[in-house]
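This report introduces one protein structure to a reader who has not met it before. It treats cysteines, annotated segments, enclosed and open spaces, and two chosen residues in turn.

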Amino acid sequence: METTPCNGSGDSSVIFYLMGIPSLPKSLFLPIFFIFLLLYLLILVGNALILVAVVAEPSLHKPMYFFLINLSALDILSTTTTVPKMLSLFLLGDHFLSFPTCFLQMYLFHGLNCSEAFLLVVMAYDRYVAICRPLHYPVHMTPQTNAALAASAWLTALLLPIPAVALMGFCIAMVVSFFPLLLVLLSYAHILASVLRINSREGRSKAFSTCSSHLLVVGTYYSSIAVAYVAYRADLPLDFHIMGNVAYAILTPVLNPLIYTLRNKDVKAAITKIACPQETKDTGNPRLRGAIPSSLINTTAQSK
């Protein structure tokens with residue numbers, strides 16, 4: 001990224017020149033634009049579906065899903081701070097970014113990603129209370145407590161990114177992100193110890209299954225950070241640095257909705273109910289009869 005004066009005269013305003021992917025031929029700008037546009041639409045649609053499903057389905061009005069919609073909102077906002085400008089660059093050749101716009105973009109991007117890191121900590125704490133202290137769960141995870149925990153994670157967006165943005169320090173942002181990882185690992189150390197004390201194999205499997213989606217999201221989030229950090233620190237061509245940052249910005253928001261819809265039956269059922277309401281209501285539909293045991297259908301017919 002290069003800085004140039006706004007004009008050649010007395011105006012000392014600074015603008016940033018966005019290089020994009022330096023070695024990418026201009027003939028590939030349009031295909032890359034459509035790839036990033038598709039990824040951005042997947043992020044918007046996938047996370048919006050989770051938001052609507054959790055809000056509309058009463059059975060999902062639980063702390064775990066309350067934190068999930070906060071995570072979806074963060075993913076939408078964090079990608080919206082960067083991806084539209086990226087799309088504008090590849091489609092329109094819009095390489096320039098004013099200093100105030102760049103500063104605001106960095107502030108929001110680092111802030112929202114810090115919030116996501118701390119929200120993952122809150123979600124780990126929720127799983128810790130549910131598994132290690134199940135009898136105390138309704139007392140600890142009240143709506144007021146959940147709102148306070150979520151608000152605390154969001155407030156980090158206003159406070160923690162200030163040093164990273166003021167010093168333009170990528171490493172500072174990484175340190176801020178890795179501190180929550182220690183808290184997540186601490187929570188799961190307690191969870192693992194508690195699960196191993198469960199005698200039944202079925203009980204252990206059920207306990208682990210409640211954590212699997214969150215663990216995959218944590219793994220994806222910190223894997224993308226690791227890729228970005230290695231690309232930043234290693235002596236690699238500039239294109240690798242840029243692609244590492246792209247992975248950090250896009251990978252997790254794309255995968256989060258897939259993880260929670262594919263691995264969570266409740267969320268999947270709620271989204272299906274919204275997307276295909278007629279099919280979920282009309283059990284007499286021929287397409288659904290194959291999923292209903294024939295003995296049950298016959299029994300129902302005889303009772304009538």
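A disulfide is a pair of cysteine sulfur atoms within 2.5 Å. The structure shown here is a predicted model, and a search of the whole structure finds 0 disulfides. The sulfur of Cys132 has its closest cysteine sulfur in Cys211, at 8.6 Å, which is too far for a bond. Cys211 is likewise in no disulfide, the nearest cysteine sulfur being that of Cys132. The two residues also have their own accessibility values: Cys132 counts as partly exposed because its relative accessibility is 23%, while Cys211 counts as buried because its value is 2%.

**Annotated segments**

According to the unreviewed UniProt entry, the annotation "transmembrane region" covers residues 28–53, 65–87, 107–125, 146–166, 172–193, 214–232 and 238–259. Two of these segments are described in the table.

| Residues | Helix | Strand | Distance between end C-alpha atoms |
|---|---|---|---|
| 65–87 | 91% | 0% | 32 Å |
| 107–125 | 100% | 0% | 27 Å |

**Cavity and pocket**

How many cavities of 30 Å³ or more does a search of the whole structure find? The search finds 1. The largest cavity holds about 40 Å³ of space. Its lining consists of Asp75, Ser78, Asn113, Glu116, Tyr221, Ser224, Tyr248, Ala249, Thr252 and Pro253. Helices H2, H4, H9 and H10 are the elements that give two or more residues to this lining. H10 gives the most, with 4 residues. Sorted by class, the lining of the largest cavity has 4 nonpolar, 4 polar and 2 charged residues.

The second largest pocket contains about 430 Å³ of space. Its lining is made up of 19 residues, and Met64, Tyr65, Arg127, Thr210 and Asn264 lie nearest its centre. The elements that give two or more residues to the lining of this pocket are helix H2 (63–80), helix H4 (99–132), helix H9 (201–233), helix H10 (238–263) and helix H11 (265–275). Which element supplies the largest share of the lining of the second largest pocket? That share, 5 residues, comes from H9. By class, the pocket lining has 7 nonpolar, 6 polar and 6 charged residues.

**Two residues of helix H6**

Asn146 is placed in helix H6, which runs over residues 143–159. Is Asn146 buried or exposed? Asn146 is buried, since its relative accessible area is 5%, and the cut-off for burial is under 20%. Apart from its neighbours within four places in sequence, Asn146 is in contact with Pro63, Phe66, Phe67 and Met141.

Trp154 also has its place in helix H6. With a relative accessible area of 27%, Trp154 is partly exposed. When residues up to four places away in sequence are not counted, Trp154 touches Asn70, Ala73, Leu74, Leu77, Leu112 and Ser115. One of these contacts, Asn70, is 84 residues from Trp154 along the chain, and the C-alpha atoms of the two are separated by 8.9 Å.

Note on methods. Residues numbered from 1 in each chain as written. Predicted model: local features only at pLDDT ≥ 70, side-chain atom pairs only at ≥ 80, totals over all residues. Heavy atoms only, no water. Buried < 20%, exposed > 50% of the residue type's maximum accessible area, 1.4 Å probe, protein only. UniProt positions renumbered as here; feature names shortened; annotations may be inferred. 1 Å grid on protein atoms, 1.4 Å probe; cavity = no way out; pocket = protein on both sides within 12 Å on 5 of 7 lines; lining within 4 Å. Points joined across faces, edges and corners; volume = space filled by probe spheres on them. Nonpolar A, V, L, I, M, F, W, Y, C, P; charged D, E, K, R; others polar. Contact = heavy atoms within 4.5 Å.
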